[in-house]
Structure formats: structure tokens, C-alpha cells
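Me: I'd like to learn how to read charged pairs in a model. Could you walk me through them?

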Amino acid sequence: LAAGLRPGSPRAPLREGAAAAEGVMASPGAAAAEGGAPQERALVLWLLRHGLTTANRDGIIQGQRDTELAPLGVAQAEATGRRLAPVPFAAAFSSDLRRAWNTAEAVLSASSLSPPPPLRGDARLREFLFGCREGLPSGTSLAAARRIRAREAGVAEHELPPDVSETPDDMLRRQREFLGEELPRLMGEGGGGGGGGGGRRAPR
């Protein structure tokens, strides 16, 4: 989420326990100097995490598995929406996974804007890909995960396909690609959030 602020505008912190989406929302505005002289456009990005999921609650590595929000996660998303209701968002993005999408929808549904900006999903905003560790207990090593997957498949470990986990550089690359496309567009369109960009879709 992103919002334009004038110099010196207060930023109230989220209350403890609030959460939000793996995503970005945006609303640029012309910043004003003392005396009212316009300066360059200011854009404030709100980077929000999804609410607690069932996998978070149960200590499971979720990665890019499409997990649901737990009841507490729904309440966290709704609380975050109430807290951010006055923010003049002009664009909103989420990963295409349900936990992020549903959190972002809860935040936008509480917005004081009428209507709020449309939510757009982009797979490049997904969480880190943990490969064969996804769905296993938190803390499971890659070596242990491969042993478990080989046993489940009834094959020798060396017969498993290569793991598809991301590196930190992989994740940063896709996020930078997303920001490199969307930020110039937002600044150029006054926060309207035009079309374009790859991987954008609603959750399944």
C-alpha cells in the first residue's frame, strides 16, 4: 500500500498484534514546503504482512503453499484495516496467495475511501519458496526434508528431483522487478496504478 504524505505528517504506529498482506499499497501526492510551495511528488509505501495463518499457528513451513488465515489472522487483518482506514491509498497490490489477498481485502474494505483502489495480485510478491520443506514442521532442514520426501515417495533420496528452493537473491530479484515496474507507473500516473506487469492475478 502506498500513500503520499506532506513533510511532518504524523505516522501513527500499528497497534500491537495487527498484521497485513504480503503486498504494497500506494497513494502519491504533491508534497508542500512551508508556505505552500509545491515540491517533488512524495510516495509513501506501506509494506504489510498477512495475518496469522493456520500453518503459522501449527508451526508448519508454508512458503508458497496457499494456506488460509486462522481466526486470529482474520481478526488481525480487520484490526489493521480499522487502524489504516484514514490512509488515502491510491493503489493496492498483494501476492496471489489467499492469506495475503484476503488480508489486503480486509484492509481495503475498512478504508474511508469510496471506492478504495482495486486490489491487484502479483505472484512476484509471494513469500520465499522453501521447496521440499514446505508443509513440514518449522526448523526442518533441507537434508531432513529430502529424506522424508524420499520415504514418502518410496524412492532412494538420489532419485528425487533437485530441490526448487529459492535463494535470497532469487526472491529479491522478483521483488525488485515488481517495484521497478510499478513505482515509476504510480509516480507518473498520480497513484492511479495502470495496467502492465507480469504475473498479476487474483488468487485461485
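**Reading the salt bridges**

Reply: Let's start with one residue: Glu 68 is partly exposed, with 35% relative accessible area. Here buried means under 20% relative accessible area, exposed over 50%, and partly exposed in between (1.4 Å probe, protein chains only). This is a predicted model, where local features need pLDDT of at least 70, side-chain atom pairs count only at pLDDT 80 or more, and totals for chains, interfaces and linings use all residues. Residues are numbered from 1 along each chain as its sequence is written, and side-chain values use heavy atoms, leaving out hydrogens and water.

Me: Which residue forms a salt bridge with Glu 68?

Reply: A salt bridge is a side-chain nitrogen of Lys or Arg within 4 Å of a carboxyl oxygen of Asp or Glu. For Glu 68 the partner is Arg 98, with the closest N and O atoms 2.6 Å apart. Arg 98 is partly exposed too, at 27% relative accessibility.

Me: How many salt bridges does the structure hold?

Reply: There are twelve. Another of them joins Arg 99 to Glu 127, with 3.0 Å between the closest N and O atoms.

Me: Is Arg 99 buried or exposed?

Reply: Arg 99 counts as buried, at 0% relative accessibility, while Glu 127 is partly exposed at 22%. Some bridges also share partners: Asp 122, Arg 124, Glu 177 and Glu 181 are joined into one network that way.

Me: What about Arg 57 and Asp 58?

Reply: Their side chains meet in a salt bridge at 3.0 Å, N to O. Arg 57 is partly exposed at 48% relative accessibility, and Asp 58 is partly exposed at 49%.
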